[in-house]
Amino acid sequence: MADQALLTRAARWNSACELLNTLNLNLAQSQGDEADRLEKAIAEQEQLTLDLEAPHLNAVVQKLQLIWELDLQKPDEDGGVKRLILADLISLIG
């Protein structure tokens with residue numbers, strides 16, 4: 001029974017990530033009103049993805065990347081610490 005719950009959780013996670021990836025790819029090729037619509041859809045999908053239970057540690061890393069997206073690009077100490085945390089997690093996961 002627990003295996004089925006984990007598989008279902010993983011399937012929901014994978015589906016949400018695939019949709020988010022597709023939306024981001026479409027945004028890269030869009031303009032004007034279409035781009036605005038896609039940006040709104042991406043924000044909504046990111047929130048839905050964050051609300052899902054993480055099925056594995058890689059999903060936790062992905063959640064942190066979504067939450068810290070803008071901070072990770074900053075060259076300041078805060079951005080550096082967050083990059084180190086993610087690097088540590090990725091290293092521990094293997």
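Me: How are α2 and α3 oriented to each other?
Reply: In this predicted model, the axes of helix α2 (residues 32-51) and helix α3 (residues 57-67) come within 10 Å and cross at roughly 140 degrees. Angles over 145 degrees would count as roughly antiparallel, and the crossing is therefore classed otherwise: α2 and α3 are oblique.

Me: Which residues of α2 and α3 make the contact?
Reply: Helix α2 passes α3 in a left-handed crossing. On the side of α3, the contact is made by Lys63, Leu66 and Ile67. On the side of α2, the residues are Glu46, Thr49 and Leu50.

Me: How many residues of the contact of α2 with α3 are charged?
Reply: The residues of this contact divide into three classes, with three nonpolar and one polar. The number of charged residues is two.

Me: Is Thr49 buried or exposed?
Reply: Thr49 is found in helix α2, and it takes part in the contact with α3. Its relative accessibility is 1%. Buried means under 20%, so Thr49 counts as buried.

Me: Which residues is Thr49 in contact with, leaving aside its neighbours within four places in sequence?
Reply: Two of the partners, Lys63 and Leu66, are also named in the contact of α2 with α3, on the α3 side. The list for Thr49 further holds residues of lower number in the chain. In full, the partners are Lys63, Leu66, Trp13, Ala16, Cys17 and Leu20.

Me: Which residues is Gln62 in contact with, leaving aside its neighbours within four places in sequence?
Reply: Gln62 is found in helix α3 and is partly exposed, with a relative accessible area of 32%. Two residues are named as its partners, and both also appear among the contacts of Thr49. They are Trp13 and Cys17.

Me: What separates the C-alpha atoms of Gln62 and Leu50?
Reply: Leu50 belongs to the α2 side of the contact with α3, and Gln62 is found in α3. The two residues are 12 residues apart along the chain. Their C-alpha atoms are separated by 9.1 Å.

Me: How is α3 oriented to α5?
Reply: Helix α3 and helix α5 (residues 77-93) pack with their axes 10 Å apart, at an angle of about 165 degrees. Angles over 145 degrees count as roughly antiparallel. The arrangement of α3 and α5 is therefore roughly antiparallel.

Me: Which residues of α5 make the contact with α3?
Reply: Helix α3 passes α5 in a left-handed crossing. From α3, the contact is made by Leu57, Asn58, Val61, Leu64 and Gln65. From α5, the residues are Leu86, Leu89, Ile90 and Ile93.

Me: How many residues of the contact of α3 with α5 are nonpolar?
Reply: The contact has no charged residues, and two are polar. The number of nonpolar residues is seven.

Me: Is Ser30 buried or exposed?
Reply: Ser30 lies in the loop between α1 (2-28) and α2. Not counting residues up to four places away in sequence, Ser30 touches Ala35 and Leu38. Its relative accessible area is 16%, and the cut-off for buried is under 20%. Ser30 is therefore buried.

Me: Which backbone oxygen does the side chain of Ser30 reach?
Reply: Ser30 lies in the loop that follows α1 (2-28) and leads to α2. Its side chain reaches a backbone oxygen at 3.0 Å. That oxygen belongs to Leu27.

Me: Which side chain does the side chain of Glu34 make a polar contact with?
Reply: Glu34 lies in helix α2 and counts as partly exposed, at 37% relative accessibility. The polar contact has a distance of 2.7 Å. The partner is the side chain of Arg37.

Me: How far apart in space are Glu39 and Asn24, C-alpha to C-alpha?
Reply: Glu39 is found in helix α2 and counts as partly exposed, at 46% relative accessibility. In sequence, Glu39 and Asn24 are 15 residues apart. In space, C-alpha to C-alpha, they are 8.3 Å apart.

Me: How many helices are there in the protein?
Reply: From the N terminus on, the elements run α-α-α-α-α. There are zero strands. The number of helices is five.

Note on methods: Residues are numbered from 1 along each chain as its sequence is written. This is a predicted model: local features need pLDDT of at least 70, side-chain atom pairs count only at pLDDT 80 or more; totals for chains, interfaces and linings use all residues. Side-chain values use heavy atoms; hydrogens and water are left out. Axes are lines fitted to C-alpha atoms, for helices over the stretch in contact, and angles run from 0 to 180 degrees between N-to-C directions. Helices (H or I, at least four residues) and strands (E, at least two) are DSSP runs, numbered from the N terminus. Angles under 35 degrees count as roughly parallel, over 145 as roughly antiparallel, 65 to 115 as roughly perpendicular and the rest as oblique. A crossing is left-handed if the near helix is turned anticlockwise from the far one by less than a right angle, and right-handed if clockwise. Contact means heavy atoms within 4.5 Å. Ala, Val, Leu, Ile, Met, Phe, Trp, Tyr, Cys and Pro count as nonpolar, Asp, Glu, Lys and Arg as charged, and the others, Gly among them, as polar. Buried means under 20% relative accessible area, exposed over 50%, partly exposed in between (1.4 Å probe, protein chains only). A polar contact is a pair of N or O atoms within 3.5 Å; within protein, one must be able to donate a hydrogen and the other to accept it, and residues adjacent in sequence count only if both atoms are side-chain atoms.
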